[in-house]
Amino acid sequence: MNEELKIKFWGVRGSYPAPGAETIKYGGNTSCVEIRAGERTIILDAGTGIIPLGRELAKRKSSEMILLFSHLHHDHTQGFPFFVPAYIPNANLHIFGPGGTPETVKRVLEHNQSAETFPVSLRDMPAMKDIQSVRESQVIVWDEENVRVTESNIRLSPDALVIRIYKSHAHPGGVYIYRITWRGKSVVYATDTEGYVGMDRKLIAFARDADVLIHDAQYSEEHYRGCLAGFSSTQGYGHSTPAMACEIAASAQTGELILFHHEPAYTDAMVAAQEAAAKKIFPASRAAYEGMEIDLKAVRHFEGDLARSNPINNTKIASSGSTPSSQ
Ligand SMILES: [Zn+2]
Ligand SMILES: [Zn+2]
């Protein structure tokens, strides 16, 4: 049986595609990450990175796959109209994402491909498409039988691939953070999220002990604070700095931290500086680049004492009924 569990990055840029000589090292395509778990393919977001991935999946003759939308902003959906498997009649796409009603994701994809905006409608893409908006309390399971959405606390087979959701409000309109687990290994995908003062406690609990944490780190500290020449402050935009990503990784004691959703105006040198800033706080940090692959089975958890010595991490969390400010 094929037991490999790998992550591959196809698009790592935030907001809009950024081609050109200054972005060759990290790449200019918008968000798209592939997870291969044995014979199963899971895709996180459909930024322009999904376009080359689609060609690759067609070559591999992959016919069934899950596509998860973190949210429905342009940079996470704009590659979908060019996704080759959606044009293959016997392909089977299970598409999930957030939304106020079960039809929200479908409605937005239809709108993106309305007659006025794109020559092919969603309906005219011949692949079989099961498109559903799911709730935070639901769990997506892919086991020997099928792909299905269920409620928590179900009995699962050891080979089941399980996708859990944390609905974060740290991005305009909200965003889904996913935890994908298979055979005891986990990856958490936390893009488009801004750090809170004192950290996002729910995110720390959700990402606890994950082998890989993919976390938004769009802005440098100077940029975020409005001190970077030519850029205004981005506080409240719903994106993080490397330090915010590191705080979560250290507190959740994850394996690797992968900085993601790079600012499109940043050159390769600026993204490299983001990586260097992160390594000082959480040594097992790297900036995602197009084509980067991670074998989850080879990831080791950082064994330094950073998490224990981090003063933020040592902040006493108030037990139920009281808040830190009331003490
Ligand atoms: Zn985005
Ligand atoms: Zn967004």
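**Exercise 1. Find which residues V187 touches, leaving out residues up to four places away in sequence.**

Step 1: Settle what touching is. Two residues are in contact if their C-beta atoms, placed from the backbone, lie within 7 Å.

Step 2: Read off the partners. Not counting residues up to four places away in sequence, V187 touches I7, I35, I180, A210, D211, V212, I214 and L296.

A note on what you are looking at: this is a predicted model, in which local features need pLDDT of at least 70 and side-chain atom pairs count only at pLDDT 80 or more, while totals for chains, interfaces and linings use all residues. Residues are numbered from 1 along each chain as its sequence is written, and chains are lettered from A and ligands numbered from 1 in the order in which they are written.

**Exercise 2. Describe the largest nonpolar core and name the helix that gives the most to it.**

Step 1: Start with burial. A residue is buried if 20 or more other C-beta atoms lie within 10 Å of its own, exposed if 12 or fewer, and partly exposed in between.

Step 2: Build the core from that. A nonpolar core is a set of buried Ala, Val, Leu, Ile, Met, Phe, Trp, Tyr and Cys residues joined through C-beta atoms within 7 Å.

Step 3: Apply this here. The largest nonpolar core has 80 residues, and those with the most contacts inside it are I43, L68, V187, V188, L213, I214 and L257. Helix α5 (residues 242-252) gives the most to this core, with seven residues. Helices (H or I, at least four residues) and strands (E, at least two) are DSSP runs, numbered from the N terminus.

Step 4: Recall the background. In soluble globular proteins, nonpolar side chains tend to be buried together.

**Exercise 3. Decide whether F9 and S186 are buried or exposed, and place each in its strand.**

Step 1: Take F9, which sits in strand β1 (residues 5-11). F9 is buried because 25 other C-beta atoms lie within 10 Å. Its contacts, not counting residues up to four places away in sequence, are V33, A288, Y289, E290, G291 and M292.

Step 2: Do likewise for S186, found in strand β11 (residues 185-190). With 22 other C-beta atoms within 10 Å, S186 is buried. S186 touches R179, I180, T181, A210 and D211, again not counting residues up to four places away in sequence.

Step 3: Try two distances. The C-alpha atoms of F9 and T191 are separated by 13 Å, and these residues are 182 apart along the chain. For S186 and L161, 25 residues apart along the chain, the C-alpha separation is 10.0 Å.

**Exercise 4. Work out the strand order and the edges of the seven-stranded sheet.**

Step 1: Fix the rule for pairing. Two strands pair if DSSP finds at least two bridges between them.

Step 2: Follow the order. This open sheet of seven strands runs β6-β5-β4-β3-β2-β1-β15, with mixed pairing. Its edge strands are β6 (128-133) and β15 (293-295), each of which pairs on one side only.

Step 3: Look inside. Strand β3 (residues 40-44) and strand β4 (residues 64-68) pair in the parallel sense over three bridges. I43 has L67 in β4 as its bridge partner.

**Exercise 5. Trace the eight-stranded sheet and its hairpin.**

Step 1: Write the order. An open sheet of eight strands goes β8-β7-β9-β10-β11-β12-β13-β14, with mixed pairing. Here β8 (147-151) and β14 (285-287) are the edge strands, each pairing on one side only.

Step 2: Examine two pairs. Strand β9 (residues 161-168) and strand β10 (residues 175-182) pair in the antiparallel sense over seven bridges, and the bridge partner of S168 in β10 is V175. Strand β7 (residues 138-142) and β9 are also antiparallel, over three bridges.

Step 3: Find the turn. β9 and β10 form a hairpin with six residues between them, and G173 in the turn has a positive phi of about 85°.

**Exercise 6. Describe how α5 and α6 meet.**

Step 1: Give the geometry. α5 and helix α6 (residues 268-281) pack at an angle of about 35°, with their axes 9 Å apart. Axes are lines fitted to C-alpha atoms, for helices over the stretch in contact, and angles run from 0 to 180 degrees between N-to-C directions.

Step 2: List the residues. P242, A243, A245 and C246 in α5 meet Q274, A277, A278 and I281 in α6.
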